[in-house]
Amino acid sequence: MLLALASAVLYWFFAYDLARTEYVKLIALYTMLFTMFYQLVKQLKHRPKLLTYLAFGFRAIFILAIPNLSQDFYRFIWDGRMILEGFNPYLHTVQSFIDTEQYPVAQALALRDGMGALNASHYTNYPPINQLCFVIAGLFAGKSILGSAIVMRLLIIAADFGTLHFGKKLLETLKIPSYNILWYILNPFIIIELTGNLHFEGVMIFFLVWSLYLLYAAKWQWAAVAFALSISVKLIPLLFLPLFFQWFVKRNVISTELSDEKSQKQTTAQKKMLKNTSVKLSTSVQHDKYIKWIPAFAGMTRLVGFYLIVIITTVLLFVPFYSSAFINNYAETVALWFQNFEFNASIYYIARAIGYSFRGYNEIAIIGQYIPIVVIVFTLMLTFFRKNKSMVELITAMLFALSFYYFTTTTVHPWYVATLLILSVFTRYKFPLVWSFVIILSYLAYVNLNKADKSENLWVIALEYSIVYGVFIWEVFIKKAPAITEAS
């Protein structure tokens with residue numbers, strides 16, 4: 001009770017009495033909250049109902065708060081109101097209206113000042129289901145920034161309910177302790193970054209977990225639709241698409257062979273009877289290969305069907321916004337994350353320092369163009385050279401693919417780690433949980449926003465990643481803990 005009450009008080013201070021430039025206060029509050037969260041889960045993990053009530057009670061504390069660690073929500077509000085006014089948000093930058101003294105939405109100047117010059121100067125990159133959330137906020141609170149924030153916050157909380165529901169069901173089906181979901185739902189990182197700061201990773205995660213649950217329940221067509229909805233909130237699940245290959249193709253062969261043991265025994269007996277007749281034995285072997293080929297073909301057909309449903313659903317969701325300029329603008333905005341923006345990176349910063357030593361300029365433009373290629377190659381290696389036939393193995397492959405992307409990319413905002421955290425609850429790996437704690441160190445960069453030197457403190461980033469990489473290497477390469485095995 002004391003831990004719960006103390007946590008509630010600290011969340012209130014976090015929501016209503018903190019600026020992101022108050023770094024010491026930020027770190028102190030977050031450290032205390034994380035310590036209390038860890039103790040609550042460890043002591044009360046077998047009372048999940050109580051911890052669930054606490055998790056959503058803590059979220060309720062933020063209902064009337066304006067996000068204080070991120071200003072992205074101002075752009076969310078702008079996009080939603082633009083659509084309601086009949087504008088395509090993918091075709092116009094905010095600054096293009098302000099420069100010509102046009103104010104197409106209510107509170108235009110306040111929204112522009114809130115989001116900042118950098119955000120206002122670029123085209124939006126938020127996919128259509130994300131835009132739908134922004135539109136809903138505009139419908140219910142078209143002239144109030146706080147009102148819009150409240151509506152979006154309620155949508156994110158609703159998504160967390162969905163993640164809790166399907167995440168718990170999937171854990172139970174896999175015979176993994178269902179209290180694992182508490183490492184996500186009760187985590188102060190999730191409560192602060194998603195509910196507090198209005199990042200829609202929570203909605204994307206809901207659709208992703210729902211999709212995985214449907215897939216395990218053999219409802220792959222609906223799983224594909226849910227997966228497309230996840231992509232249409234945030235594009236990051238696109239990275240996971242190749243990893244489904246073994247689930248549909250190789251897993252199908254094994255399942256068919258195991259379920260047909262009687263037929264296999266008969267085939268083996270027939271081979272023994274015909275062992276002296278080479279021609280007949282050859283025919284029997286060919287027939288055996290044909291039996292294996294049939295389920296493999298069926299699995300490949302389902303895989304193609306899964307991909308087609310995902311692609312078609314995603315494209316249809318983008319169709320209302322389509323124009324010749326849309327593709328160029330959207331591609332240009334997405335490219336910025338690889339060739340223009342730098343924040344809280346790790347391996348990229350090392351590569352940049354090496355590049356500076358002999359080139360000395362614009363390393364992001366050179367290194368950034370190779371990052372997507374390296375990530376795709378690594379993901380394909382996981383697809384074809386790692387065992388991904390069970391649901392736990394598939395989710396673990398997703399965890400590794402996304403971790404590799406974040407380890408190599410140029411930009412890692414704190415809320416990105418939310419997807420790693422939800423994937424980790426279905427595996428034996430805890431490095432994303434550790435990262436969800438130390439990621440708060442990256443906010444030191446905002447202390448320098450109003451100073452001449454706006455650069456990040458690389459010593460702090462080095463401390464963050466030393467801890468993350470240390471735990472990662474220990475868990476993946478050194479520790480010999482038994483892998484989680486799912487129910488048959």
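# Cavities and ring contacts in a predicted model

Guide: The lining of the largest cavity in this predicted model consists of Asn180, Trp183, Leu421, Ser424, Val425, Thr427, Tyr429, Lys430 and Leu433.

Visitor: How much space lies in the largest cavity?

Guide: Three cavities reach the cut-off of 30 Å³ or more. The space in the largest of them is about 60 Å³.

Visitor: How do the residues lining the largest cavity divide by class?

Guide: Trp183, Leu421, Val425, Tyr429 and Leu433 belong to the nonpolar class, whereas Lys430 belongs to the charged class. Asn180, Ser424 and Thr427 fall among the polar residues. The division is therefore five nonpolar, three polar and one charged.

Visitor: Which helices each supply at least two residues to the lining of the second largest cavity?

Guide: The second largest cavity holds about 40 Å³ of space. Its lining includes Phe14, Ala15, Ile192 and Gly196. By class, this lining has seven nonpolar, three polar and one charged residues. Of the elements involved, those that each supply at least two lining residues are helix 1 and helix 11 (188-196).

Visitor: The structure holds 53 aromatic pairs; of what kind is the pair formed by Tyr11 and Phe58?

Guide: The ring centres of Tyr11 and Phe58 lie 4.9 Å apart, and their planes make an angle of 35°. Planes under 30 degrees apart would count as stacked, and planes over 60 as edge-to-face. The angle falls in neither range, so the Tyr11 and Phe58 pair is tilted.

Visitor: How many residues apart in sequence are the parts that the pair of Tyr11 and Phe58 ties together?

Guide: Both Tyr11 and Phe58 are buried. Tyr11 lies in helix 1 (residues 2-16) and Phe58 in helix 3 (residues 48-61), so the pair ties together parts whose separation in sequence is 47 residues.

Visitor: Are Phe73 and Tyr74 buried or exposed?

Guide: The rings of Phe73 and Tyr74 form a tilted pair, with centres 4.0 Å apart and planes at 35°. Phe73 has a relative accessible area of 0%, and Tyr74 has a relative accessibility of 17%. Because the cut-off is under 20%, both values place these residues in one class: buried.

Visitor: Which residue has its charged end over the ring of Phe56?

Guide: The charged end in question is 4.9 Å from the centre of the Phe56 ring. The cut-off for such a contact is within 6 Å. The residue is Arg59.

Visitor: Which residue offers its backbone oxygen to the contact with the side chain of Thr383?

Guide: Thr383 lies in helix 21 (residues 371-385) and, at 1% relative accessibility, counts as buried. A polar atom of its side chain lies 3.5 Å from a backbone oxygen. That oxygen belongs to Pro242.

Visitor: Leu198 and Ala218 have positive phi values in residues other than glycine; which of them is exposed?

Guide: Phi is near 60° in Leu198 and near 70° in Ala218. Leu198 lies in the loop between helix 11 and helix 12 (201-216), while Ala218 is found in the loop between helix 12 and helix 13 (220-231). Leu198 has a relative accessible area of 0% and is buried. With a relative accessible area of 61%, the exposed residue is Ala218.

Terms used:
Residues are numbered from 1 along each chain as its sequence is written. This is a predicted model: local features need pLDDT of at least 70, side-chain atom pairs count only at pLDDT 80 or more; totals for chains, interfaces and linings use all residues. Side-chain values use heavy atoms; hydrogens and water are left out. Rings of Phe, Tyr and Trp (its six-membered ring) pair if their centres lie within 6.5 Å; planes under 30 degrees apart count as stacked, over 60 as edge-to-face and the rest as tilted. Helices (H or I, at least four residues) and strands (E, at least two) are DSSP runs, numbered from the N terminus. Buried means under 20% relative accessible area, exposed over 50%, partly exposed in between (1.4 Å probe, protein chains only). A charge sits over a ring if NZ of Lys or CZ of Arg is within 6 Å of the ring centre and within 35 degrees of the ring normal. On a 1 Å grid over the protein atoms alone, a cavity is a set of points where a 1.4 Å probe fits but cannot get out, and a pocket is an open set with protein on both sides within 12 Å along at least five of seven lines; lining residues have an atom within 4 Å of a point. Grid points are joined across faces, edges and corners, and a volume is the space filled by probe spheres set on the points. A polar contact is a pair of N or O atoms within 3.5 Å; within protein, one must be able to donate a hydrogen and the other to accept it, and residues adjacent in sequence count only if both atoms are side-chain atoms.
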